[in-house]
Amino acid sequence: MAGTSSNVHFHDIPDVVLATIFSLVTDTRTRNAMSLVCPKWHLLERSTRKSLTLRGNLRDLFLIPTCFRAVTDLDLSLLSPWGHPLLDSSPNPLLLAQLLRHAFPSVVSLIVYIRNPSTLHLLAPLWPGLRNIKLIRWHQRFPTLPLGTEFIALFEHCRMLSSLDISQFHCWTEDLPQAIEAYPMFAASLSQLNILKHSSAEGFKSHELLAITASCPNLHELLATCMFDHRFVGFVGDQTLLALASNCPCLSLLHLVDATSLSNVLRDPDDEGYTSEDASITNAILGDVFAGLPLLEVLVLDVCHNVRDAWPALELLNSRCPRLKSLKLGQFHGICRGIDSRPDGIALCQGLESLSIKNSADLTDTSLEAISLGCPRLSKFEVLGCKKITAKGVCKFTHVLRKTLVDVKISFCKNLNAVSSLQAMEPIRDRIERLHIDCVWDSVDNSANQTGSSTEGTRLIKKNKSHDVGNDNSFSSGTWSKLHHLSLWIAVGELLTPLSMAGLDDCPSLEEIEIKIEGDCRDQRRPCMASLGLRYLAGYPSLSRMLLDCSGVIGYALTAPPGYTDLSLWERFFLNGIENLNLNELNYWPAQDMDVNQRSLFLPAAALLAQCGSLRKLFIHGTANEHFMMFLLRIPTLRDVQLREDYYPAPENDTSTEMRVESCRRFEDALNSINRHIPD
């Protein structure tokens with residue numbers, strides 16, 4: 001038996017089985033390595049690769065490889081220069097479009113950046129079999145275009161389209177209803193529609209939302225930004241929700257968010273949690289809406305205006321929407337009374353696996369206990385802006401759900417700082433996989449921040465560690481063995497220094513960290529310390545990916561008033577110490593000057609990033625000067641770099657004084673030069 005098995009070669013496995021094995025490999029670099037083993041593996045890899053994100057420069061599109069003919073999911077949105085018209089670089093755009101069609105004949109899912117309408121007019125006829133498409137544009141819409149004309153080519157030629165995503169495509173809310181109503185057969189075939197717009201301060205008005213849903217009766221998934229404020233014309237209220245449920249009774253996912261919820265405006269931490277106005281949504285009508293959507297599995301209602309005493313309507317969810325697995329509520333009050341910790345309201349939804357509660361003013365510890373008892377399948381839980389819950393209540397919640405809960409987010413909760421949030425995670429410390437907390441160090445003395453004394457900082461953290469959760473067991477540091485993703489929010493001017501000493505010192509599996517910094521540094525003279533504290537993250541041995549988002553930081557990009565500092569000094573503060581981390585991939589969002597709509601990489605940031613000796617991928621979500629970008633060529637392993645102005649409104653190339661088309665080409669030529677040896 002042993003002798004027989006020794007003569008079996010891997011290539012003796014039938015090709016059908018080998019193809020199945022290859023199709024299970026998703027990592028791009030692994031697949032690239034597999035394709036180099038031998039000619040047979042090369043053919044197998046190419047024939048089983050279904051997804052491809054095309055990178056490189058637009059000028060080189062004529063060199064597109066023709067060996068990926070089995071690709072069905074194609075992403076063309078990240079070609080360089082980012083945001084530049086896709087086909088305008090060629091003297092013959094139609095020929096270039098046909099080359100794309102010849103190279104990828106099997107495409108049914110497409111992501112593309114649409115800078116101007118000509119791109120869709122050329123591409124749509126070439127892939128009439130498209131089933132899914134995502135359009136992206138952060139630049140401003142041409143104001144002279146008639147309403148809905150940008151969608152005409154897509155709707156005329158792609159009659160089999162079932163999924164349309166324009167969540168990152170800037171257009172007017174009036175564009176889509178008019179276009180959809182003009183093509184009823186196309187609209188009837190749509191099953192997924194994402195109009196959750198991030199590039200506009202206005203949501204869809206009620207009559208626009210109803211026009212869209214009336215034309216698309218077979219929708220299974222609908223994500224939309226709208227207005228719930230009854231003081232505005234076209235607000236969404238009881239009658240709109242009823243009509244929406246009647247228009248699309250087959251919905252399994254309904255995601256409605258008020259436009260103000262997508263803004264970065266921070267609420268006053270000392271308010272009571274109620275807004276000045278109530279939403280025009282009643283419990284009786286909510287119950288009727290739920291009855292009209294029996295197939296609902298995912299429900300998001302973030303209305304940003306008070307919905308009071310919601311528990312009677314939420315009790316109906318379990319019976320009227322028996323398939324419901326995920327629920328997110330924003331500005332709903334009285335969702336669970338928690339009397340004697342008995343389940344009521346939302347706690348009766350026994351099938352929930354994901355629950356997010358945002359800005360619920362009267363959510364208490366007893367409410368959390370009732371929810372934990374009534375929803376035993378929860379694996380993901382988010383609580384944001386709930387002022388009355390404490391570490392004791394969250395600790396009991398995680399203790400009850402310790403066998404299922406693996407993803408937790410705690411943010412902007414008045415009684416939960418970083419240390420108490422970590423204390424509350426103690427029952428699931430060895431199971432949790434994803435965690436978000438706010439870096440609020442209430443009990444850290446200001447003198448420690450000013451002096452940076454490690455001895456004093458250690459003493460203060462030990463004081464924090466002895467803080468009681470609500471019983472006799474004080475917090476004890478231990479291993480977070482399965483935590484692989486950590487997300488942090490931190491106010492501008494605060495430090496990451498206490499993080500490891502607060503209980504997150506031992507995270508052997510942590511691979512990715514996301515840091516969101518927000519605040520107005522125009523009110524601060526200068527950073528009180530030399531750095532944010534990124535060097536302390538070097539204690540996480542597996543950390544390889546970082547998302548550092550400073551887009552919520554507002555400052556002076558150009559000339560600061562006397563006595564104040566511009567954003568270049570703050571960038572030094574944010575990035576100082578990053579050279580100590582063994583990162584492979586970094587996404588960086590620079591701080592912004594709102595007065596001039598500028599998010600730029602400054603000289604200190606470029607110099608610090610150039611010291612990251614292990615970086616392979618670097619994506620800067622902003623602009624930069626060409627000579628600053630050339631600093632990055634000092635990174636020996638750097639392979640993929642891109643500037644992405646993915647914020648609204650993205651600066652126009654003809655008005656930008658920074659990286660232009662030719663600048664990007666010169667930098668990429670230097671990056672890909674044969675004189676640069678990239679160790680792999």
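**Exercise 1. Identify the residue of strand 4 that is the bridge partner of Ser-109, and place strand 3 among its neighbours.**

*Solution.* In strand 4, Ser-109 has Asn-132 as its bridge partner. The model is predicted: local features need pLDDT of at least 70, side-chain atom pairs count only at pLDDT 80 or more, and totals for chains, interfaces and linings use all residues. Residues are numbered from 1 along each chain as its sequence is written, and side-chain values use heavy atoms, with hydrogens and water left out.

Step 1. Strand 3 (residues 109–113) and strand 4 (residues 132–137) run parallel and are joined by five bridges. Strands count as paired if DSSP finds at least two bridges between them; strands (E, at least two residues) and helices (H or I, at least four) are DSSP runs, numbered from the N terminus.

Step 2. Strand 3 also pairs with strand 2 (residues 73–75), in the parallel sense, over three bridges. Here Ser-109 of strand 3 stands opposite Asp-73.

Step 3. From strand 2 the chain passes through helix 5 (residues 93–103) to strand 3, in a right-handed β-α-β crossover. Right-handed means that, with the strands pointing away from the viewer, the path from the first strand over the helix to the second runs clockwise. A right-handed β-α-β unit is likewise made by strand 3, helix 6 (residues 118–123) and strand 4.

Step 4. Strand 3 is largely enclosed by the rest of the structure, because four of its five residues are buried. Buried denotes under 20% relative accessible area, exposed over 50%, and partly exposed in between (1.4 Å probe, protein chains only).

**Exercise 2. Determine how many residues of strand 10 are buried, and describe its pairing.**

*Solution.* Step 1. Six of the seven residues of strand 10 (residues 326–332) are buried.

Step 2. Strand 9 (residues 298–307) pairs with strand 10 in the parallel sense over six bridges; Leu-301 has Leu-329 of strand 10 as its bridge partner.

Step 3. Strand 11 (residues 354–358) runs parallel to strand 10, with five bridges between them. Lys-358 of strand 11 stands opposite Gly-330.

**Exercise 3. State which residues of helix 4 are buried, and what covers them.**

*Solution.* Step 1. In helix 4 (residues 39–48), Trp-41, Leu-44, Glu-45, Arg-46 and Thr-48 are buried.

Step 2. Their cover includes helix 2 (15–23) and helix 3 (28–34), where contact means heavy atoms within 4.5 Å.

Step 3. An unreviewed UniProt entry lists residues 13–50 as "domain: COI1 F-box"; such annotations may be inferred rather than shown by experiment. Over residues 13–50 the chain is 68% helix and 0% strand, and the end C-alpha atoms are 22 Å apart.
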